[in-house]
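Reader: I would like a close look at a single part of this predicted model, taken slowly and with its surroundings. Please describe one strand, its neighbours and the charged contacts that go with it.

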Amino acid sequence: MSKAQQEREDKYDVGADFAVPDLDDLVPPGGRLDEDTVTLDSEYFDTTDRDLLRHHVTLRRRSGNTDAGWQLKVPDRKARTEIRVPLTADDTVPGELAALVSGVALGKPVHPVASISTVRLRLRMLDPDGNLLTEVADDTVRATATAASAGDGAVASEWREVEVELGDAGDGKLLEAVGERLTREDARPSWYPSKLSRALNPNGPGTVDDDPAADDSGAEVVRELLTAYLDTQVQAIVGGDVWLRRGLDPVHATRVGIRRFRSTLRVFKKVLDPAARTRLDVELSWYAGVLGEVRDRQVQRARFAAAVTDLPEELVLGPVAARIENDLLAEQLRYRAEVMETVDGDRYRNLLAELARWRTDPPMTENATSGTRALKKAARKARRKADRRLAAALDDGGDVALHRARKAAKRARYAGELTRGLVGKKTSKKRIAEYKKIQKVLGEHQDSVVALGTLRDLGARAGSTGGENGFTFGLLYGLELQAARRARDDAARLTT
C-alpha cells in the first residue's frame, strides 16, 4: 500500500570544510534542535536514456534502518510529492511504481543506474509540541554510477551538500531564513536538482542537457527565462501523468500547464523555431482536447447540481438531479477511459519525449540574440491584441468573438508571468491581475455558452422519457442565458 506526502526542500553545494552555522536563534520559544547522524543507502532506477531524470522524476530503493522503502518523487509547480511503498526483498520495481512511471519512462524498462550512500548529520528543528519545523541535512555523499549509465565504465564520486527540508509545521519564511544563514557561510544554491543528477553528471550541472558555462549574452538570457517558465509547465504535465495513473484527478492542473506552454509558443514565436514550435503546438492541442472532454463534464456536473439546488422545490419537476448526474458522469467516465488509453499510446509518449527536450533546450531563432527586448516586445504585443479583441468582441456581441477575446487575455496574462522579472514588480502584478480578471469574466460567459448545448440535450432526453419532462432543463437554459448576458456586461465594465 503506497503513501504520498508533499515535500519542499532547497539544496546547497558546500566545501569539505563547511560547518552548519548556529541556528539556535531561529528556534521558537519552547522548541528545540535535535541532532543525530544516520546512514542512507539508496539504489536509483531509470531508463538507459535517463527519461525519468529528464523529467525530474526520481525512483529509488532505500535500504537500512532509516527511511527504508521504495520512494518515487514526482515534480509539481510548487513542491514535490513523494510516494512510498514498503521495502521489498530484491530490486525488482514494485508493480504499482512501475505503472506510475510507465509514462515518463516512455514505455521503456527501468533498471539500476546508480548507488548512493549518504552519511547524514541531521539538525531537526521542532516546535514546543514536538512537530517538525525544518530539517537541515549535512550530507557526505559517495556515489557510483553503473557502467550502463556512465558509458565506458562505472564512475565513482564524492561530495558534500546541505539539504533544507520544510517540515509539516514549518513555513516558507523559515526555509528562507535558514537558507540565508547558510549562504552567509559560503553555501551556494546547488547546480544539481538531485543527488542522482550529480552522480550521473559529476563534471556538469544537474540535468542532462544543461550547460554550466552558459554566457550572459542576449540569447542566453532569453533561454534562461523560457526554460524556467516552460519547465514549470512540464512539471504540471508530468505530475498529471503520474496522478492519472494513481487514479486521481489532475485534469484541470494538467490542462492549465498545457495552456501556459501553448501560450508561450504563440506569444514568443519570433524567438522560437517555427517548424518545431508549430509541431509541438499541434500535439499539445491534441492532448488538451482529449483531457477537455473529461474537464467539461466535471465542470457541468458541479455547475448544474448547484443550479438545481438553488431552485425552489416546486420548479424541479422529475428526477432532474439524477438525470444530470447519471448522464454526465457516464460521459465523464467514458472520456476518462479514453484518456487512459491515450497516455499509453505512442503519440503521447512522443509528446512527452519532445517536452523533455524543450524544458532544457528550446529551439530558438536568431531573434533571441536581441535578448529581453524581444520578450518585452512580444508581451506588449500580446496585451495590445487582447485589448483589441475584447473591444471588437463587445461591439460584435457574438459568443465566438468573446471566446477569442478570452484566449487572448489568457496569453497576455501568461506573457506577463514569464516577463515579470523584466519590468517593475508593481507593474507586472497589475498587468497579470488585469488580464486574469478579464479571463475569469469571459470564462464565466464561455461556461454558460457550453452549458446551453448540454442542457438542450439533457432536456430533450428527459422530455422523451416516461416519468420525466424537460421543464426544469428549459428553466436552467434560461438562467444560463441570463448568466451569459451578465458576464458580457461585466466584461464591458472592465473596459471603462
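Author: In the hairpin formed by S7 and S8, five residues lie between the two strands, and Gly130 there adopts a positive phi near 85°. The strands on either side of this turn, S7 (residues 111-126) and S8, pair in the antiparallel sense over 13 bridges, and within that pairing Arg124 has Glu135 of S8 as its bridge partner. On its other pairing, S8 meets strand S9 (residues 155-166), again in the antiparallel sense, over twelve bridges, with Asp138 standing opposite Val162 of S9.

S8 itself is mostly covered, since ten of its 14 residues count as buried. In a regular strand the side chains alternate between the two faces of the sheet.

One residue of S8 deserves particular attention here, namely Asp139, whose side chain meets that of Lys195 in a salt bridge with an N to O distance of 2.9 Å. This pair links distant parts of the chain, given that Asp139 sits in strand S8 (residues 132-145) and Lys195 in helix H5, 56 residues apart. Both partners are covered: Asp139 has a relative accessibility of 0% and counts as buried, and Lys195, at 8%, counts as buried too, because the cut-off for that class is under 20% relative accessible area.

Helix H5 also takes part in a second charged contact, in which the side chains of Arg198 and Asp13 meet in a salt bridge at 3.1 Å, N to O. Arg198 belongs to helix H5 (residues 195-200) and Asp13 to strand S2 (residues 9-14), so this salt bridge ties together parts that are 185 residues apart in sequence. Here, too, the partners are buried, Arg198 with a relative accessible area of 17% and Asp13 with one of 7%.

Away from S8, the pair of Asp344 and Arg245 offers a further example, with their side chains meeting in a salt bridge at 2.9 Å, N to O. Asp344 lies in the loop between helix H9 (320-342) and helix H10 (346-358), while Arg245 lies in helix H6 (residues 218-245), 99 residues apart. Asp344 is partly exposed at 42% relative accessibility, whereas Arg245 is buried at 16%.

To set these pairs in their wider context, a search of the whole structure finds 43 salt bridges. Some residues are joined in a network of salt bridges, including Glu293, Arg297, Arg323 and Asp327, together with Glu331, Arg461 and Glu468.

Key
Residues numbered from 1 in each chain as written. Predicted model: local features only at pLDDT ≥ 70, side-chain atom pairs only at ≥ 80, totals over all residues. Heavy atoms only, no water. Salt bridge = Lys/Arg side-chain N within 4 Å of Asp/Glu carboxyl O. Helix = DSSP H or I, 4+ residues; strand = E, 2+ residues; numbered from the N terminus. Buried < 20%, exposed > 50% of the residue type's maximum accessible area, 1.4 Å probe, protein only. Pairing = 2+ DSSP bridges.
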